[in-house]
Amino acid sequence: MSSSQLGADTLEAEVTNISRHGVWILVGDRELFMSYESFPWFHQAAVEAIFEVEQPTPGHLYWPQLDVDLSLETIEHPERFPLIAR
């Protein structure tokens with residue numbers, strides 16, 4: 001008889017801190033910072049909505065109450081994805 005682990009390995013996402021400057025989130029073993037300047041959707045959001053984060057697929061985070069969907073690449077390199085409206 002062999003034993004195997006059921007289920008899939010998943011990296012959980014967890015908001016670890018909210019400050020007046022932004023939000024820190026732990027994804028796997030990496031802690032990332034999202035400033036309100038780069039991620040304005042979180043600035044006036046309810047704490048409960050910010051803490052409710054899901055990782056529907058690897059490398060992708062979703063806040064259902066805010067309808068915000070971000071890739072880890074966007075969080076790690078916000079300068080590559082500027083918020084500029086014309």
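Visitor: Among contacts in the protein chain between residues at least 6 apart in sequence, what percentage join residues at least 24 apart?

Guide: That comes to 34%, where a contact means heavy atoms within 4.5 Å. Keep in mind that this is a predicted model, where local features need pLDDT of at least 70 and side-chain atom pairs count only at pLDDT 80 or more, while totals for chains, interfaces and linings use all residues. Residues are numbered from 1 along each chain as its sequence is written, and side-chain values use heavy atoms, with hydrogens and water left out.

Visitor: What makes up the secondary structure of the chain?

Guide: There are 2 helices and 6 strands, running β-β-β-α-β-β-β-α from the N terminus. The names come from DSSP runs, numbered from the N terminus: H or I of at least four residues for a helix, E of at least two for a strand. Helix α2, for instance, covers residues 72-76.

Visitor: How do you know that β1 pairs with β2?

Guide: Two strands pair if DSSP finds at least two bridges between them. Here 5 bridges join β1 to β2 (residues 22-27), and the two run antiparallel, so the definition is met. You can spot I18 opposite V23 in β2.

Visitor: Why are β1 and β3 said to stand at the edges?

Guide: The open sheet has 3 strands in the order β1-β2-β3, with antiparallel pairing. β1 (13-18) and β3 (30-35) each have a single partner strand, so one side of each is left without a neighbour in the sheet. The twist from one strand to the next averages 25 degrees; such angles, from 0 to 180 degrees, are taken between N-to-C directions of axes, which are lines fitted to C-alpha atoms, for helices over the stretch in contact.

Visitor: What about β4, β5 and β6?

Guide: They form an open sheet of 3 strands in the order β4-β5-β6, with antiparallel pairing. Its edge strands are β4 (54-57) and β6 (68-71), each pairing on one side only. The twist here averages 30 degrees from one strand to the next. β4 pairs with β5 (residues 60-63) over 2 bridges, so the minimum of at least two is reached. E54 stands opposite Y62 in β5.

Visitor: Why is T74 called buried?

Guide: Buried means under 20% relative accessible area, exposed over 50%, and partly exposed in between (1.4 Å probe, protein chains only). T74 has 15% relative accessibility, so it counts as buried. Its side chain makes a polar contact with the side chain of S71 at 2.8 Å. That fits the cut-off: N or O atoms within 3.5 Å, within protein one able to donate a hydrogen and the other to accept it, with residues adjacent in sequence counting only if both atoms are side-chain atoms.

Visitor: And why is D67 called exposed?

Guide: D67 has a relative accessible area of 59%, so it passes the 50% mark. D67 lies in the loop between β5 and β6, and has a positive phi of about 55 degrees although it is not a glycine.

Visitor: What makes a set of residues a nonpolar core?

Guide: They must be buried Ala, Val, Leu, Ile, Met, Phe, Trp, Tyr or Cys residues joined through side-chain atoms within 4.5 Å. The largest one here has 19 residues, and those with the most contacts inside it include I25, L61 and I75. β2 gives the most to this core, with 3 residues. L61 touches I25 and I75, among others.

Note on methods
Lists of a residue's contacts leave out its neighbours within four places in sequence.
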